[in-house]
Amino acid sequence: MRAIILDVDDTYRVTELDEPAPGPGEVAIRVAYAGIQWGDTMVKEGTFPVPRPFVPGFEASGHVVAVGEGVDVGRIGEPVAALAFGGAFAEVVVVPAVLALAAGGVPLPAAAGFGWGTPTAYDLVNTAARVGEGESVLIHAAAGAVGTLAAQFAGLAGAGRVVGVAGSPDRAAYAAAFGFDQVLLRGEFPAGLGAERFDVVLDPVGGRTRQESLRALAPHGRLVAYGSIDGGEPVLADADELLVSGRSLVTWNSNLLSRTHPERLAGSARRALDLLAQGRIRVDVTAEYDPADLGLAVERLREGATHGKSVLRVAGRLGSRP
């Protein structure tokens, strides 16, 4: 099969590889589209080290073409949205069967864009933070894939007020279309909030942003940390100080959950995918790239120059075999 590898010189190349076969509990998927996500920038930069050469790509849509032992053969031919541990930028990818979700009527570009971000956003709101009726929610990185979806899930959960923080005026304007009541610029946080306090804060940024977010919690408020984009100094929290006001600092790691309790992640993903199929949320696929432009797509994501979700067109685009 044809696949894109990230080589030892940090360059993406299309090459010929043996087609992978599914093992027990796995399925092989003929990839139509692959989602481009933050993990691809981390792999490219080496922040998330992998052996090189490496076939990147962590999100895929397509059709099941083979199943491993213990998997229903009736799944062959099924259109799916799949969460992968790498390998999605290829004609065929193998994933755990539990993480290959029946796409139903969701178009394949949106099914690829669904990716890790949608179930992560769902769990941040419904599992980690448990947003309740009338509660106020503050979402950092509001214009990102997780941020725009978290705002939608918070609205469905009954949040009374949803405020976002975005990195630039155009990103703030983009985020505003996803159910935020207000979107601040990062430079306006926290002063732009005045004395307002929040029941829930979702923070993938870390550093000073996390420290200020802890201060922005209302009594019994919950801050959910799910990343450290800024890579700044570790944030030290005094458990006794938090206890006095009932505030909590919670973490969420979807990648770890996929390896320790994949069925729990799959359950949240199925519920989120159902909401997408029903039109109650939307995954905003704003760009489709050909394989030759993968480097550009990853760099644009790293620079914050993209809005919404970008996907890679895979089927029929990896070139002819030699």
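**Exercise 1.** How many bridges join β11 to strand β12, and do the two run parallel or antiparallel?

*Solution.* The model is predicted.
Step 1. Locate the strands: β12 spans residues 217-225, and β11 spans residues 198-203.
Step 2. Count the bridges between β11 and β12: there are 5, and the strands run parallel.
Step 3. Take one pair as a check: D203 has A225 in β12 as its bridge partner.
Step 4. Trace the connection: from β11 the chain passes through helix α6 (residues 207-215) to reach β12, a β-α-β crossover that is right-handed.

**Exercise 2.** Find the pairing of β11 with strand β8, and state how many residues of β11 are buried.

*Solution.*
Step 1. Strand β8 covers residues 136-140 and is joined to β11 by 3 bridges.
Step 2. β8 and β11 run parallel.
Step 3. Within this pairing, V200 of β11 stands opposite V137.
Step 4. For burial, apply the cut-off of under 20% relative accessible area. In β11, 6 of 6 residues are buried, and the strand is mostly covered.

**Exercise 3.** Describe helix α1: which residues are buried, what do they pack against, and what lies at the helix ends?

*Solution.*
Step 1. Helix α1 runs over residues 38-45, and its buried residues are G39, D40, T41 and V43.
Step 2. The partners of these buried residues are the strands β1 (2-6), β2 (12-16) and β3 (26-36), together with helix α10 (294-303).
Step 3. At the N-terminal end, Q37 acts as the cap of α1, with a side-chain oxygen 2.5 Å from the backbone nitrogen of G39.
Step 4. After α1 comes G46, with a positive phi near 90°.

Conventions:
Residues are numbered from 1 along each chain as its sequence is written. This is a predicted model: local features need pLDDT of at least 70, side-chain atom pairs count only at pLDDT 80 or more; totals for chains, interfaces and linings use all residues. Side-chain values use heavy atoms; hydrogens and water are left out. Buried means under 20% relative accessible area, exposed over 50%, partly exposed in between (1.4 Å probe, protein chains only). Helices (H or I, at least four residues) and strands (E, at least two) are DSSP runs, numbered from the N terminus. Contact means heavy atoms within 4.5 Å. A polar contact is a pair of N or O atoms within 3.5 Å; within protein, one must be able to donate a hydrogen and the other to accept it, and residues adjacent in sequence count only if both atoms are side-chain atoms. Two strands pair if DSSP finds at least two bridges between them. A crossover is right-handed if, with the strands pointing away from the viewer, the path from the first strand over the helix to the second runs clockwise.
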